[in-house]
Structures are given as structure tokens and as C-alpha cells.
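Biologist: I should like to learn how to read a model of this kind. Would you take me through its features one by one?

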Amino acid sequence: MSGLEVFLDGSPGETRGVVMRDGLAHHLIIHRDDDEPRHRLGARVVGRVARVEAAFGAAFIDMGCGEPFGFLSLSGGAPVREGDRLRVEVTAEPRDGKGPALRRLGAGDGEPRLISEGPAVVEILAELALGVAPIEGAPAIEAIWAAEEEALEVRHLFNNVGVDLALQRTRALVAVDIDHAGQAGRDPKQARARANREGLRQAARLVCLKSWGGLVAIDLVGTRFNPEQALADIRGAFDQPHAAYGPVSRFGLAQLSLPWRRQPIEARLRGGEAIAVARALRHALLTQTQAPRLVARCAPDLAAAVAPLAARLGPRAGVAVEPTFAAGRFEIQEA
């Protein structure tokens with residue numbers, strides 16, 4: 001597929017992948033070595049019904065790895081009782097203190113346990129970009145760094161298409177504000193229409209990149225537009241299975257609901273400071289090939305955690321404690 005690129009990096013402690021289309025990141029996938037495999041999207045587990053909540057039409061499933069328990073909707077399915085064993089599949093990863101969402105596969109037996117793990121990063125990338133070989137090494141690390149930075153930004157400017165876009169997530173919903181950045185010489189009506197189309201396209205990409213779901217409220221540019229055409233543009237931009245679309249109000253506010261699947265990217269990037277140092281050290285090893293040895297000089301709080309990861313990078317990599325560094329600080333230097 002033209003314009004499609006895939007980047008894959010397996011640094012110590014973590015594997016990350018990015019799918020890019022026409023130079024823009026669309027998917028950022030992160031798996032850490034210490035992730036709970038029973039909580040990963042696509043994992044299949046035998047679980048025990050720990051509690052039935054009839055008022056919600058749901059059951060909480062003990063998956064054998066402690067709380068938070070998995071959430072299983074009982075809508076349209078056979079009733080269950082506390083203590084029943086079920087085979088389930090993870091359809092949405094844990095987020096915001098909530099356990100994973102589950103889909104019932106059938107009856108189970110025995111103690112709660114993992115049956116099969118969800119797809120690995122390389123398998124997910126292969127499904128998202130059929131037939132595209134992943135790029136690895138230093139270019140992959142650089143592409144991943146850029147995607148991470150964009151995924152954490154709130155405001156996104158696309159001056160080439162006249163779009164000023166802001167995305168924020170609250171407990172209740174994702175708020176998207178599309179504004180017109182302004183381009184001289186354009187008809188105002190056409191400029192607003194283009195800003196809305198391009199803003200929706202970029203918003204859909206960024207919501208996917210950030211791994212967000214749930215209710216999405218979009219503030220479009222202006223109030224003078226065709227609601228039917230606006231809804232068609234929204235459907236075209238947010239083309240996802242199981243998405244639900246609401247009407248566009250006369251105030252230019254659109255609403256839709258997207259399914260949750262992966263853990264939000266801001267949560268995935270939280271912590272992992274030692275892994276970030278190891279990745280930076282690996283990048284230096286790949287780009288500074290003439291250096292006989294490179295060390296990560298770390299603040300004392302980091303050094304002990306980085307050392308076992310750096311050891312996996314080979315004899316050219318090392319860690320040194322720098323007592324004068326503030327907590328969390330590090331530098332990569334030639335030994």
C-alpha cells in the first residue's frame with residue numbers, strides 16, 4: 001500500500017511499533033515485558049465468576065491475577081452464577097482503575113488460567129499493514145519517539161490545511177475542538193468546510209494514535225453548514241467497526257461513541273523511565289558505531305533499574321551513577 005510504513009523496536013524491557021501513512025503516525029503499540037498477559041487485548045482465559053451484578057446485567061470475572069476483575073456483559077447471554085467457570089476473551093484492556101472488558105466464549109473448567117496470549121506487537125503490525133516489512137534499528141526508535149511526542153500533545157497545528165486542533169480526555173468523554181487556522185485568499189465558507197473535513201480526518205487519526213475510545217464530542221468550525229454532509233464527513237473519518245454516531249447539533253457539536261480496545265497511550269507511557277534510558281542507550285549504540293563503549297550516566301534513583309536492561313545491550317553498553325544529577329536525569333556519553 002502506497003505511503004504505508006511500519007517501524008518496530010525491541011529495546012530491553014519493551015517492544016514498540018508504529019504504523020505510519022504518508023508520514024503521519026496512525027497506530028502506536030506498546031508491550032512491556034512485565035505486562036500482565038491475561039489483560040492484553042485478545043488474550044483468552046479461563047475465569048471464575050466472582051460476582052454477579054444483576055442490576056447492571058454483568059458479572060465480574062476472576063482471571064487468576066487478582067483485582068481489578070474482568071467485566072463481562074451478560075446481555076443476550078445465558079445467566080451465570082457465582083463460582084461458574086467460563087472461557088473469555090479480552091476485548092478491551094484495563095484503564096482508569098477498571099479491569100479488562102471480556103467476551104464470553106463458552107464454559108470453562110479448572111482454576112482461572114491463561115489459555116492463549118493476545119497477539120504480539122509484530123503480529124499486530126502485520127495485521128494493520130499487510131505485506132509491509134517493518135523497519136528496525138535507529139530509524140524505528142526515532143519514528144517511535146516522534147509518535148510518542150505527538151500522542152501526548154493536546155494541541156496540534158496543521159497550518160498547511162488551515163487546521164488548529166485540540167484533543168483532551170476527561171473521565172466522561174473525549175473533547176475535540178476544530179478551529180480554523182486561517183489562510184489568506186480563501187473563500188471563508190470553503191475554508192471552514194475544508195478545515196472541518198481535514199480536522200475530522202486528523203482527529204480520527206489522533207484518537208486512534210492515542211488509543212482512546214468512549215464518547216467523543218467534536219466542536220466543528222462555525223455553525224453554518226449542512227448537518228447531513230457533516231455527519232457523512234464524520235462517518236468517513238471515524239470509520240471503525242461498532243462505532244455509533246449521533247446527530248450534529250445546530251451549534252456545530254457532533255457526538256459519536258467509539259469502542260475501547262487498548263489502554264490509553266498516556267497510561268502506557270507512564271512510568272518506564274528505566275526502559276526509556278535503555279532505549280536511548282540502544283539508539284546511541286546504533287548511531288555512534290565508532291565509539292568503543294557508551295554509558296548511561298544516571299541519577300542514583302535510575303542507575304540500579306537501568307543496569308540489568310543495559311546489560312542486555314552487550315559489552316559496549318554500561319551504566320554509571322552520577323550523584324550530582326537530579327532525580328530522573330540521565331545522559332548518554334562515550335566511556
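**Reading the model**

Modeller: H242 is found in the loop between α4 and β14. Please bear in mind that this is a predicted model.

Biologist: What sign does phi have at H242, and is the residue buried or exposed?

Modeller: Most residues other than glycine have a negative phi. H242 is not a glycine, yet its phi is positive, at about 70°. With a relative accessibility of 75%, H242 is exposed, because the cut-off for that class is over 50%. D22, in the loop between β2 and β3, also is not a glycine and has a positive phi, of about 55°; its relative accessibility of 62% makes D22 exposed.

Biologist: Which residues does the cis peptide bond join?

Modeller: Most peptide bonds are trans. Here a cis bond joins E67 and P68, with omega at about 5°. P68 belongs to the loop between β5 and β6.

Biologist: Where in the protein is confidence lowest, and where is it highest?

Modeller: Where pLDDT is low, the predicted coordinates should not be read in detail. In this protein the mean pLDDT is 93, and 97% of the residues reach 70 or more. The lowest confidence is in helix α4 (residues 227-237), with a mean of 88, and the highest is in strand β7 (residues 85-92), at 98.

Biologist: Which side chains of strand β6 point to one face, and which to the other?

Modeller: For such a strand, one compares the facing of each side chain with its burial. In β6 (residues 70-73) the side chains alternate: G70 and L72 point to one face and are buried, whereas F71 and S73 point to the other and are not buried. As for its neighbours, β6 pairs with β5 (residues 58-62) in the antiparallel sense over four bridges, and with β8 (residues 101-107) in the parallel sense over two bridges. F71 stands opposite F60 on the one side and has A101 as its bridge partner in β8.

Biologist: Is L102, in strand β8, buried or exposed?

Modeller: L102 has a relative accessible area of 8% and is therefore buried, the limit being under 20%. Leaving aside residues up to four places away in sequence, L102 touches several others, among them G70, F71 and L72, as well as V88 and V90.

Biologist: In what order do the six strands of the open sheet lie?

Modeller: One reads a sheet from edge to edge. The order is β10-β11-β12-β13-β15-β14, with mixed pairing. Strands β10 (155-158) and β14 (244-245) stand at the edges with a single partner strand each, so one side of each has no neighbour in the sheet. Helix α3 (residues 188-209) packs on this sheet, touching β10, β11, β12, β13 and β15, and its direction makes about 35° with that of β11. Within the sheet, β11 (residues 163-169) and β12 (residues 174-180) pair in the antiparallel sense over seven bridges; A166 has D177 in β12 as its bridge partner.

Biologist: Which residues of helix α1 are buried?

Modeller: In α1 (residues 121-128) they are V121, I124 and L125. Seen down the helix axis, the buried residues fall within an arc of 100°, so they line one face of α1. They pack against β1, β2 and β3.

Biologist: With which side chain does that of S11 make a polar contact?

Modeller: The partner is the side chain of D9, at 2.6 Å. S11 lies in strand β1 (residues 4-11) and is buried, at 4% relative accessibility. Not counting residues up to four places away in sequence, S11 touches R279 and R282.

Terms used. Residues numbered from 1 in each chain as written. Predicted model: local features only at pLDDT ≥ 70, side-chain atom pairs only at ≥ 80, totals over all residues. Heavy atoms only, no water. pLDDT = per-residue confidence, 0-100. Buried < 20%, exposed > 50% of the residue type's maximum accessible area, 1.4 Å probe, protein only. Pairing = 2+ DSSP bridges. Polar contact = N/O pair within 3.5 Å; in protein donor to acceptor, adjacent residues only side chain to side chain. Contact = heavy atoms within 4.5 Å. Axes fitted to C-alpha atoms, helices over the stretch in contact; angles between N-to-C directions. Arc of directions from axis to C-beta.
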